[in-house]
Amino acid sequence: MSAPPAIAVSGLVKEYGGRRVIDGLDLQVRTGEVLAFLGRNGAGKTTTTEILEGYRTRDAGEVTVLGEDPARAGARWRARLGIVLQESQPVPTLTVREILRLYAAYFPNPRPVDEVIHLVGLDEKAGERAARLSGGQLRRLDVGVALIGAPDLLFLDEPTTGFDADARRQFWDVIQGLRSTGTTIFLTTHYMDEAQALADRVAILREGRVAALGTPSELQASLGGVEIRFELPAGVARADLPALSVAPRVDGPHVTVSTEHATADLAVLCAWADGRGIDLPSLEVGRPTLEDVFLAIAGDAAPGGTR
Amino acid sequence: MSMLAAQVRADFTAFRRAPSALFFTVGLPVIFLVLFESIFGEQMVPGAAGQVSLATLQVPGFMVMGVVSASFVSLCITMVNRREAGVFKRVRGTPAPAWVLIIGQVVTTLVIGVLMVVVMLIIGRYAYDVRVDMALVPWLVLGVLVGAIAFSCLGMALAAFVPSMESAAPIANLIVLPLYFISGVFVPVSELPSWLATFASWLPIRPFVEMLSYPYEPGAAVPWAALGVVAAWGVLGLVVASRFFRWTPRRD
């Protein structure tokens with residue numbers, strides 16, 4: 001027995017001023033899974049998300065969200081969605097509880113307001129005006145607003161942008177809690193660690209199409225090879241490194257060698273370090289990270305906007 | 001219905017907590033009335049039906065200022081702020097129908113306008129001995145209702161053309177301030193050149209003042225024409241607003 005997909009998209013096309021932002025996108029999101037939707041700025045993440053949410057129209061393709069076409073679906077369909085937009089601020093003079101109470105009135109079968117306040121960890125801020133919340137607390141209020149209608153499907157568009165590490169961890173806990181209740185979650189994010197921590201499957205968008213789709217470990221395995229990572233020892237420049245089977249990537253002091261010949265390259269590196277009488281700090285050998293997969297698949301950074 | 005009640009309750013709370021809206025809508029008309037009466041005192045001026053005290057004209061004049069401030073200026077600023085902050089976009093992603101947001105604002109500002117009128121009635125009666133003809137109270141109610149709804153429609157229409165949060169208050173005030181001057185709010189219309197008075201009588205504020213003045217000047221002609229002009233502006237506002245109103249921020 002398999003439930004119908006929560007989201008099914010095929011051949012989706014969207015143009016802005018003659019430019020194809022979405023160019024034949026196909027994607028299925030299973031009921032109950034967390035799907036992370038990754039892509040560079042300008043790859044079409046928000047455009048796709050807003051088409052699925054019913055905010056934008058499409059130029060071609062089939063889209064089904066919770067069994068209905070978002071372009072035509074009505075209030076009963078919207079009652080099953082929870083939406084966290086990329087940018088939105090609440091009415092600043094209302095308190096957390098007042099805002100949630102108002103949104104609860106919009107839905108036919110809302111969750112109890114206090115339950116949602118607790119779920120997003122704002123118990124101590126329930127009587128605080130929105131204007132006095134921190135960025136992380138505002139975002140959690142945003143999620144609370146999206147959860148108040150007890151949605152079957154939750155859209156999160158870059159929910160943790162601008163969070164500090166603590167706030168991000170707390171937010172992840174909230175999302176993991178929701179996932180365990182069976183809510184389907186469509187998560188757009190810039191952060192690979194977030195996708196790694198939360199997602200059952202990851203879709204990587206490139207030039208308006210899904211270029212890769214799979215579980216994080218499937219994607220990591222698909223890239224093949226092994227990564228040798230270490231830090232440049234003090235006083236050693238990039239040019240001093242020995243010749244390896246591939247050119248290493250250097251990012252500040254961090255050196256990454258993505259290689260198909262790990263043992264040979266390691267031997268060269270170790271002999272080189274030994275000959276110079278130096279050590280390779282933080283040396284590790286492992287699979288490619290999700291970030292490596294992303295960099296390999298998502299392509300070069302596109303200039304401009306967040307559409 | 002409970003959805004609308006929740007909306008009005010939240011909108012009213014938000015209004016109550018916005019110091020500038022509160023000051024301009026409730027404080028300023030009262031301050032102006034007190035200032036004008038203490039400066040010009042017991043002057044008699046020509047009204048619609050013979051000589052009356054200045055306060056007889058200015059109490060309804062500042063009532064209009066309060067209602068216009070709530071229904072037109074505040075409403076326009078609120079609509080633009082909510083649109084640009086993404087509040088409306090968020091609500092459009094819930095099952096709530098659009099009319100809840102619109103009627104919620106109209107009802108909220110109507111309640112505030114009515115409260116303002118009551119405040120002015122009491123100050124006028126007890127501070128300046130300006131009395132309403134009790135038989136014409138229905139006219140006062142009708143005038144406030146038609147005026148508040150018409151100016152709400154105009155406020156929505158204006159909101160559609162205001163590009164940003166920062167420009168909402170200056171634009172709305174720039175429109176109403178000169179109109180107060182030529183509509184008998186600050187200066188009796190008898191002081192205006194007749195072409196200017198005629199011009200003002202075709203704009204929405206002067207006829208609104210006439211409607212609210214009538215219960216204070218029972219000898220005057222029934223202001224059917226004024227009612228018609230205000231209602232016509234309201235319909236125009238409604239048409240423009242429903243054609244150009246947008247829910248999403250300009251940047252979208």
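1. A word on contacts before anything else: two residues count as being in contact if their C-beta atoms, placed from the backbone, lie within 7 Å. With that in mind, the contact between the chains takes 24 residues from chain A and 20 residues from chain B. On the chain A side, helix H2 (75–78), strand S5 (81–84) and helix H3 (96–106) each supply at least two residues. H3(A) gives the most, with six residues. Sorted by class, the side of chain A that touches chain B has 15 nonpolar, four polar and five charged residues.

2. Please keep in mind that this is a predicted model. Its overall scores are ipTM 0.89 and pTM 0.85. Chain B averages a pLDDT of 92, and 100% of its residues score at least 70. Chain A averages a pLDDT of 89, with 97% of its residues scoring at least 70.

3. Confidence also varies along chain A. It is highest in H3(A), at a mean of 97, and lowest in S11(A), at 83. Take care with residues 301–307 of chain A, where pLDDT stays under 50. The model has 17 contacts beyond four places in sequence for this stretch. Where pLDDT is low, the predicted coordinates should not be read in detail.

4. How is chain A divided? The domain assignment gives domain 1 (31–43 + 74–220) and domain 2 (225–287). Domain 1 of chain A is thus written as two segments, and domain 2 of chain A as one. The centres of these two domains of chain A, taken over C-alpha atoms, are separated by 40 Å.

5. Now to the sheets of chain A. Three strands form an open sheet in the order S2-S1-S4, with antiparallel pairing. Strand S2 (19–29) and strand S4 (60–65) of chain A are its edge strands, each pairing on one side only. Neighbouring strands in this sheet are turned by 25° against each other on average, direction ignored. If you would like to trace one pairing yourself, take strand S1 (residues 7–16) of chain A, which pairs with S4(A) in the antiparallel sense over five bridges. A:Val13 stands opposite A:Ala60 in S4(A).

6. Another open sheet in chain A has four strands in the order S11-S12-S10-S13, again with antiparallel pairing. Which strands stand at its edges? They are strand S11 (249–251) and strand S13 (284–286) of chain A; each has a single partner strand, so one side of each is left without a neighbour in the sheet. The twist averages 20° from one strand to the next.

7. In the four-stranded sheet, three bridges join strand S10 (residues 226–231) of chain A to S13(A), and the two run antiparallel. The bridge partner of A:Glu227 in S13(A) is A:Gly286. Helix H9 (residues 262–276) of chain A packs on this sheet, touching S10, strand S12 (254–259) and S13 of chain A. The direction of H9(A) makes about 20° with that of S10(A).

8. Finally, a check you can repeat on chain B. Does the end-to-end distance of helix H5 (residues 98–128) of chain B agree or disagree with its expected span? At 1.5 Å a residue, the 31 residues of H5(B) should span 45 Å; the end C-alpha atoms are 44 Å apart, which agrees. H5(B) is followed by B:Asp129, whose phi is positive, near 50°.

How values were computed
Residues are numbered from 1 along each chain as its sequence is written. Chains are lettered from A and ligands numbered from 1 in the order in which they are written. This is a predicted model: local features need pLDDT of at least 70, side-chain atom pairs count only at pLDDT 80 or more; totals for chains, interfaces and linings use all residues. The expected span of a helix is 1.5 Å times one less than its number of residues. Ala, Val, Leu, Ile, Met, Phe, Trp, Tyr, Cys and Pro count as nonpolar, Asp, Glu, Lys and Arg as charged, and the others, Gly among them, as polar. Domain bounds come from an automatic or database domain assignment. pLDDT is the predictor's confidence in each residue, from 0 to 100. Two strands pair if DSSP finds at least two bridges between them. Axes are lines fitted to C-alpha atoms, for helices over the stretch in contact, and angles run from 0 to 180 degrees between N-to-C directions.
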